[in-house]
Amino acid sequence: MSAPLLSIDDLTVEYRTARPVRAVDHVSIEIAPGEIFGLAGESGCGKSTLAYAVTRLLQPPAEIVGGAIRWTPDGADPLDVLGLDGRELRAFRWSEISMVFQGAMNALNPVHTVRSQIEDVFVDHRSGLSRTERRARAEELLATVGIDPRHLTSYPHELSGGMRQRVMIAIALALRPRLIVMDEPTTALDVVVQRTILDEIDRLRSELGFAVLFITHDLGLLLEISDRVGIMLSGRLVEQGSSRQIQDAPRHDYTQHLLRSFPSLRGDMPATGTRYVDREPERRPS
Amino acid sequence: MTTLEVRHLTKDYRSHRGHGAALRAVDDFSVRVTAGETVALVGESGSGKSTVAKMAVRLVTPTAGEVLLDGVAPARGGRADKRYRSRVQMVFQDPFSSLNPSLPIAYQLARPLRIHGVVRSAAEEERELLRLMEAVNLSPAKEVLRKYPHELSGGQRQRVAIARALAPRPEVLIADEPVSMLDVSIRLEILQLLDDLKRENDLAVLYITHDLATARHFSSRIVVMRRGRVVERGRSDDVILTPVHPYTQLLVRAAPDPASGPFAVDLQRYERHPEVTLGALDPDLDTWPEDAHWARDWRDDDADRSLVEELTGLAAASR
Amino acid sequence: MLGRRGSWKLRVGLTICAVFAVVAVLAPFLVHHPNRSGPDGLQPPSLHHLFGTTDIGQDVFKQVLAGTTGSVTIGVVAGALTVALSMLFGVGGAFLGGLWDDAGSLLSNVFLVLPGLPLLIIVTDYVDSRSVLVIALVIAIVSWAGAARVLRSQTLSVRSRDYVDAARVAGESRWRLMLREILPNLMPIIASQFVFGALGAILAEAGLSFLGLGAANGASWGSILFFAQNAQAITLGAWWWFVPPGLCIAILGAALGLINFSIDERINPRLRAAAQAPRRGGKR
């Protein structure tokens with residue numbers, strides 16, 4: 001593996017509520033340039049909290065209590081992501097890391113056209129661009145994600161769910177970031193639409209060379225699209241490895257259980273599982 | 001031993017403003033489910049599969065067609081509906097919303113027992129409640145019975161919902177996406193439970209889902225629906241391993257399956273499988289051999305043109 | 001059950017309402033002949049006359065106490081009638097559906113566009129015996145339609161929930177569905193409509209009385225204001241005549257408003273969703 005683009009080192013996030021909960025527990029992950037890293041886990045395992053931590057979008061009561069996140073583009077000096085604030089953070093977010101969240105297609109503003117919502121990114125981050133340049137870029141972006149540019153003048157409700165999600169991906173791509181964090185980007189979509197969007201992401205990745213942190217509960221899907229996969233359980237990263245390795249030789253009991261939970265469509269009957277009990281002690285911040 | 005037969009079921013929804021064109025949610029849908037068997041009804045959102053489920057339990061009145069039990073069309077109307085529902089029950093998709101948040105579990109399970117006269121005394125009721133809890137593997141039974149829905153996990157709630165459906169001792173069970181709202185690691189457990197209950201009680205189960213993999217593994221036959229119409233039907237393995245209709249192929253290709261090789265899209269597959277019947281009209285349940293593989297003829301159908309184009313593109317890309 | 005923010009409003013509102021309710025019940029036993037005139041006209045407040053006296057020597061304190069009975073009665077009766085009517089046409093229509101719903105909606109829509117105050121004035125002017133109950137009835141008739149619409153849409157929303165369908169499939173009868181599955185979920189809204197109706201009625205009655213169209217025997221806060229106005233209490237500087245009944249209306253109105261706010265906070269879907277989110281365990 002080449003030098004990592006993003007390295008998450010021993011990251012710990014807690015929710016400082018009446019009964020504090022450790023949502024992310026000493027997690028370390030490295031993502032190389034151009035790589036798709038898949039993070040699997042069930043609801044409440046902390047995978048979304050991790051995504052929010054990486055993009056510095058955590059809101060109180062969630063708090064990063066330990067660890068570091070370093071950003072190292074093209075052999076430049078490492079950047080301490082947790083140390084960024086104000087303008088630096090705004091410049092970093094979206095220009096370097098962008099995100100597509102679950103249900104993002106419902107995040108489009110219903111009263112503005114697709115064009116103006118894409119152009120907004122340039123208005124905010126590339127104020128040097130002229131109006132014509134912005135228009136041209138918006139058109140180009142939409143074509144990149146496989147939508148006819150005549151939809152630039154459409155309003156969100158005139159597009160299907162899959163198309164809206166593509167628009168969100170276009171917006172995430174707008175500033176050519178090196179990493180896109182995708183949290184369940186296709187969960188709300190039908191399986192056929194999901195597949196076309198995944199194909200699209202894969203194609204764009206090889207064309208543009210960005211890395212992806214892809215988060216979903218659907219391990220089967222993750223194994224298909226990811227280069228490497230991490231499995232989260234109760235805030236801990238219990239296993240990580242190449243997709244092949246996780247698929248063929250899972251080491252952790254929980255990974256094995258999750259794999260059994262996804263019967264192969266065209267393969268043989270699965271060994272139906274029993275409930276997985278997390279035997280490790282309950283997570284309490286010490 | 002009860003057979004559920006759904007014949008030529010059609011449902012039109014009038015558009016909201018009244019006079020506009022009707023939306024045909026379900027179009028001439030037929031299926032037969034015999035006791036001890038699971039038939040899967042597969043389709044994406046908007047395919048009409050949930051409307052079929054609701055018509056089967058009489059929550060929605062069909063525009064045309066009928067639902068037969070053992071070849072007889074049961075009467076309709078208040079009392080008759082109650083009798084019908086003691087024979088045909090349903091498990092809903094979302095256990096977070098299908099249980100009343102303000103009533104304890106014991107109440108929600110005891111009601112169907114009393115309504116359908118399964119129990120006659122408090123002692124019998126107690127015994128039957130415990131039996132139901134055991135049937136769905138919920139323990140400690142007495143403690144769970146005292147709880148309210150929000151105190152249970154998603155899986156536990158769905159077990160309660162299954163117990164409620166079993167309470168009237170039905171002969172037919174409609175399971176409408178029973179696991180799609182649950183965490184992945186407990187889905188198989190719940191499906192296995194439904195499968196065991198089917199065997200123990202000789203239930204006829206109509207399993208409605210968008211998940212092809214569980215449809216294949218938990219049912220003997222699969223019916224694929226698209227835009228209200230059946231596009232392919234046959235034994236589960238036949239439909240999944242040799243999908244013929246372009247839409248079924250698209251579904252099979254789209255489903256994640258990292259353990260198998262990539263699925264080859266092939267519009268001409270039917271030519272190599274003469275056992276598959278292509279037809280423009282749905283097969284007639286009376287004469288149709290149940291296990292035979294049928295697909296709707298898409299070749300002259302304008303409605304399927306874009307589908308065929310999409311598939312041709314995919315076939316070319318994979319070559 | 002209530003959030004911390006909601007509970008103080010509810011507590012303050014309920015306490016004030018309880019005080020007024022007690023006064024309303026006890027006043028008829030404590031105060032006899034509140035309108036009897038005396039020799040001392042236009043006296044400012046003193047130990048003898050707590051709220052002073054009117055131009056013809058009536059004790060304002062006694063009048064306010066007696067007026068409490070009238071105003072509160074009108075509020076309660078009109079609120080109850082508003083709820084009864086709106087449940088009949090709103091909840092009933094939405095639950096039964098079809099023609100019933102169409103008829104209920106039509107009727108409430110017609111009543112909704114009727115101009116309230118002018119109609120109130122015409123009707124009260126037309127009715128022969130203007131007792132407190134008649135006034136309450138008239139107010140309820142012109143104001144139930146808004147509540148009916150709110151209740152109808154809420155009933156439709158509750159009726160389409162999965163657990164109501166599940167109860168139908170379990171074999172529950174219509175009545176049982178209505179009483180056990182749907183109505184409990186409407187209670188907060190019904191309570192809020194009652195409070196709202198009562199508040200509206202008390203204000204409407206005050207307005208009517210002020211215009212001289214109130215209850216005939218003049219036992220309400222509004223009617224005190226009417227006489228104060230007629231006697232030009234403001235120009236005479238007799239603030240003790242109109243301030244107490246005015247303040248009573250304002251305080252009771254604010255208390256009812258507080259109760260309504262706290263109910264609103266509880267049933268507001270956004271706040272409720274926020275409260276439920278942790279239980280549902282995030283996303284699905």
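Tutor: Let's start with a term: buried area is the accessible area, taken with a 1.4 Å probe, that two parts lose on being put together, summed over both. The model before us is predicted.

Student: How much area do domain 1 of chain B and domain 2 of chain B bury between them?

Tutor: About 1400 Å², and 68% of that lies on carbon and sulfur atoms. Because the definition sums over both parts, the value covers the two domains together. On the domain 1 side of chain B, Pro168(B), Arg169(B) and Leu193(B) lose the most area to domain 2, together 39% of what that side buries.

Student: And how many residues are in contact there?

Tutor: In chain B, 16 residues of domain 1 touch 18 residues of domain 2. The centres of these two domains, taken over C-alpha atoms, lie 30 Å apart.

Student: What makes the pair Arg169(B) and Glu128(B) a salt bridge?

Tutor: The cut-off is 4 Å from a side-chain nitrogen of Lys or Arg to a carboxyl oxygen of Asp or Glu. Arg169(B) and Glu128(B) have an N to O distance of 2.9 Å, so the pair qualifies. Across the interface of domain 1 and domain 2 of chain B, the rule finds 2 salt bridges.

Student: Over in chain C, at what angle do helix H4 and helix H5 pack?

Tutor: At about 145°, with their axes 10 Å apart. H4(C) contributes Gly116(C), Leu119(C), Leu120(C), Val123(C) and Thr124(C), while H5(C) brings Ile135(C), Val138(C), Ile139(C) and Val142(C).

Student: How do the residues of that contact divide into nonpolar, polar and charged?

Tutor: The contact of H4(C) with H5(C) has 7 nonpolar, 2 polar and no charged residues. Gly116(C) is counted as polar because the definition puts Gly in that class.

Note on methods. Residues numbered from 1 in each chain as written. Chains lettered and ligands numbered in written order. Predicted model: local features only at pLDDT ≥ 70, side-chain atom pairs only at ≥ 80, totals over all residues. Heavy atoms only, no water. Axes fitted to C-alpha atoms, helices over the stretch in contact; angles between N-to-C directions. Helix = DSSP H or I, 4+ residues; strand = E, 2+ residues; numbered from the N terminus. Contact = heavy atoms within 4.5 Å. Domains from an automatic or database assignment.
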